[in-house]
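Thanks for coming. I will talk through charged side chains, with the sequence and the structure on the screen.

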Amino acid sequence: MRCAFSVVTAAVAMSLCPALACAQDDQPDINPAVLQRVEASFLTDEERQDLRVYHGLWTASDLDTPARQARAALTVGAIDHASLHDESVSVLDRAEGALRRGDLETCIELVAGQTSIRAIRLRAQSLADLGRFDEADAALDPLIGRMAEEKLDANQLVEGVRGLRLRTWMRGSARVDGTDYRQILSLLNKARDELDRLAWPVRLAEAELLYSRHNRAEAFQAAQEVLLLNPRCTDALFILGSLAVDGFDFERANAVADSMDVFAGGLNATSAGADAIRAKALLREREAHDAEAPLERLLGAYPSHRLGLALAAAAAAGAYDDERARDLLALSDDLSPGHPLAWYEVARVRSETRQYTQATEAFAEAIRRQPNWPAPHIDLGLMEMQSGQDGEALSALERAMSLDPFNARAANSLRLMNELASYDTIETEHFVIRYKPGVDQALALDMPPILEAIHERVCGNDLGGMDYEPTRKTTIELMPNHEWFAVRITGMPSIHTMAASTGPVIAMESPQFGPGFMVGPYDWPRVLQHEYTHTVSLERTRNRIPHWMTEAAAVYLEDAPRDANRWKLLAAVAARDAWFDLDEINIAFVRPEQPTDRNQAYAQGHWMYEFIVERWGGEAPLALMDQAAAGVEESEAFVEVLGLDRDAFVEAFIEFAEGQLQAVGMIRADGLSSIGDLIEPWTQEWADRGFEPSAEERLEVMQALLEDHPEHPDVLEGVIVSEVESNEGEPTEALIPILVRYAAIRTVDDLPHRLLARWYLTRDDPQQHAEAIPHLEWLDTRQTTSAAYAAELARQYVATGAFDQAIRHAERATQVAPFDANEREFAARVALLAKDYATAERHIVALTILEPDRTQHIKRLEAIRTMIENESGG
């Protein structure tokens, strides 16, 4: 079986044919048994036509009656097609179209007097969608009895299952062990395995059931199988699109929406489902304003569409337009008094945009209206977890599990809550540190003073500081491995791979190396300083800060220089004149078109923030944040604070950035020839002879160019690379002055510093080793995932007797690699040499945690505590 999205692709190609028709030999992937059924020799022409329509394989000539057109229209989501208003068409198909359009009273009128199971389901669903839950529940009573008494075919059984699911939604599970769910699933299994294996509505009902239980993998598989039985089924595509949105795969979600549009467009209709998927995707991307366009199309075509209205209210809430959100909620209530859908969608968006107080109120209202619906309980629980309200989270999740014991999302979240409840805590003035008992305690004990220093920097009013303190303590959750970290941050877009801020809570993966860890050692203080900046800036701006600016502020407050790779990326952007404008940069974070877009967004955003600070002062970004908090659009805020509109700002930034790139040697100064032009005579000669030059030949050319262009950075780099390559990867003594010159001209490249450090550290004369120190310092300030430079610096400073510097770098080595016993032991020795007994004690305590079976650590700890006692005169 091919992937469902290959089926979708084939279906799109098929749907490009006029009138949603295609030749039989252009069929997409489909279950061979379906083709055998349709091509059976005993069928009459009419029976074969009906089967082709049923399985989504029709041609233009098959749609020759209003009845067949109506069935095709329902399949592709053309819910306002003329055939669905034709009185010659089955009243149930017309009622189905009315239900999907939101014409609920019409649906009820059409099925009046009808007694089929489908009619019962349509009437009950319409009453429920109107908020008339008691009437809907009563309307289902005949369905329950008939399902028990009558022999039903597969499609009738599906209708019955939909009725049972509706009753469960309204009443809650009749049994606390989830037997209702198992019974529904067994009915669908019976319909598939015993009644009709090719009945695609059975697999669709399974996909809907599994999706409602957050069983993503099996829902995806079931929706795939629907498309193998009916490749034009847009209800299956809607599930696949929703799964893509849930997984932040917005490109795929929009591709699915395009497929749905093409199908509906073949019958000259607008796909409500396609625009709903687009709106959901944009809301998940936090682009609420952009979600208005698909929702206007949806509601323009179907003004009573309940999901469309709910998403429109959510979009208003996501855009912080509270008045419009209230109006749309009131409109939803006018149409469906007491229904929870609009409140639920508003609550979800408010939660994702961290409007936690208003989200709590909206979830509570959705729950009040339909207390047996698990979804708002689950999302409320997840939000309370993100906002650090553990008691409220546990209560909501336990209630969700009592309503739906088979809900995978609720079960995983409750499992996480129980895991967190077993953690130990350390509390400081501004933080609560949670960690799993065991080795993570070694890191947790290091955290308090570092976190408080981070707070002072981020919240202070020194240059770049937020000049704002959060109203509550921030919780740092040290997750013991990647699996638990992944569970903790499920549902969060645009995160670092090792840590994420949800506002009052920052989760981080333990910086360990080995199985179960995705990242390994990393500079956790720098990462937490970044994430804490998010916590502070989002609270200061009431979560209204533009995406690029919250990331830019966080990178700026890492207080670390730009590394060589980021400089090279920015130089490449300048060379292509591919700078983002202020709309494109926000999109690049969540919907990158190129592999480098997200990295460029971080790098360019940081540089724009730095430009604002340099040009307008440290108060300017804070003033922009305050404007955002007040609801002022970015376009107005830039003019008010910077005196430039957004386009003029970007132009000024580009001039600034390209000037800096030239100053650090990353782009050529005016009048300087490119390296390509300089070596063109040789490259042409090499091309003519048909094989690549040797390293020695390239070195000879570069040395010749260096005589005429001694300050050209690309020529200097070419000489260095060629020389090192010719010398088996090692620098030579003759290269040292060239490396020094190159480092002075291209001041941001790590190449000369790496080679110079290596050169000096490998000399036989120990006196020369100290000459590596400035290069190691340069490299270490830009290193985030290795303790090697810091550890070597500590060793070199010990050798020179500079113990204060040695302690500083030994400390940094243990910060990047806090679980490395060797680094801890060396840091303790350095501290002892400097007579810093408290620091030595802390590292020896860490060693007793990391290596509890080594008795020598206990003895050392006793000895150091004796020294501390003696020093204090105890």
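I will take the salt bridges, then a charged surface patch, then one polar contact.

One caveat before the details: this is a predicted model.

Salt bridges to begin with. The structure holds 69 of them. I will go through three pairs and one network.

The pair I start with is Arg101 and Asp103, where the closest N and O atoms are 3.0 Å apart. How buried or exposed are the two partners? Arg101 has a relative accessible area of 5%, so it counts as buried under the 20% cut-off. Asp103, at 28%, is partly exposed.

Next, Arg167 and Asp141. Their side chains form a salt bridge with an N to O distance of 2.5 Å. This pair links distant parts of the chain: Arg167 sits in helix α10, residues 154-171, and Asp141 in helix α9, residues 141-149, with the two positions 26 residues apart in sequence numbering. Arg167 is buried, at 12% relative accessibility. Asp141 is partly exposed, with a relative accessible area of 42%.

The third pair is Arg369 with Asp333, at 2.6 Å from N to O. Arg369 belongs to helix α21, residues 356-369, and Asp333 to helix α19, so this salt bridge ties together parts that are 36 residues apart in sequence. On accessibility, Arg369 is buried at 12%, and Asp333 is partly exposed at 24%.

Some salt bridges share partners. Which residues end up in one network that way? They are Asp93, Glu96, Arg100, Arg118, Arg121, Glu159 and Asp235.

Now the surface patch. Asp290, Glu292, Glu296, Asp321, Glu323 and Asp327 form a negative patch on the surface. Two elements give two or more residues to this patch, namely α17, residues 288-301, and α19, residues 322-335. Which of them gives the largest share? That is α17, with three residues. Asp327, one of the patch residues, is found in helix α19. Helix α19 also holds Asp333, the partner of Arg369 from the third pair.

Last, a polar contact without a charged partner in the discussion. Gln604 is in helix α32, which covers residues 597-616. A polar atom of the Gln604 side chain lies 2.8 Å from the backbone oxygen of Phe580. Is Gln604 buried or exposed? Gln604 is buried, because its relative accessible area is 0%.

That is the set I wanted to show. I can go back to any of the pairs on the screen.

Conventions. Residues are numbered from 1 along each chain as its sequence is written. This is a predicted model: local features need pLDDT of at least 70, side-chain atom pairs count only at pLDDT 80 or more; totals for chains, interfaces and linings use all residues. Side-chain values use heavy atoms; hydrogens and water are left out. Patches are made of residues with over 30% relative accessible area and no salt bridge: like charges are joined within 9 Å, nonpolar side chains (Val, Leu, Ile, Met, Phe, Trp, Tyr) within 5 Å. Accessible areas come from the Shrake-Rupley method with a 1.4 Å probe; for residues, only the protein chains shown count as cover. A salt bridge is a side-chain nitrogen of Lys or Arg within 4 Å of a carboxyl oxygen of Asp or Glu. Lys and Arg count as positive and Asp and Glu as negative; His and the chain ends are not counted. The place of a charge is taken as NZ of Lys, CZ of Arg, CG of Asp or CD of Glu. Helices (H or I, at least four residues) and strands (E, at least two) are DSSP runs, numbered from the N terminus. Buried means under 20% relative accessible area, exposed over 50%, partly exposed in between (1.4 Å probe, protein chains only). A polar contact is a pair of N or O atoms within 3.5 Å; within protein, one must be able to donate a hydrogen and the other to accept it, and residues adjacent in sequence count only if both atoms are side-chain atoms.
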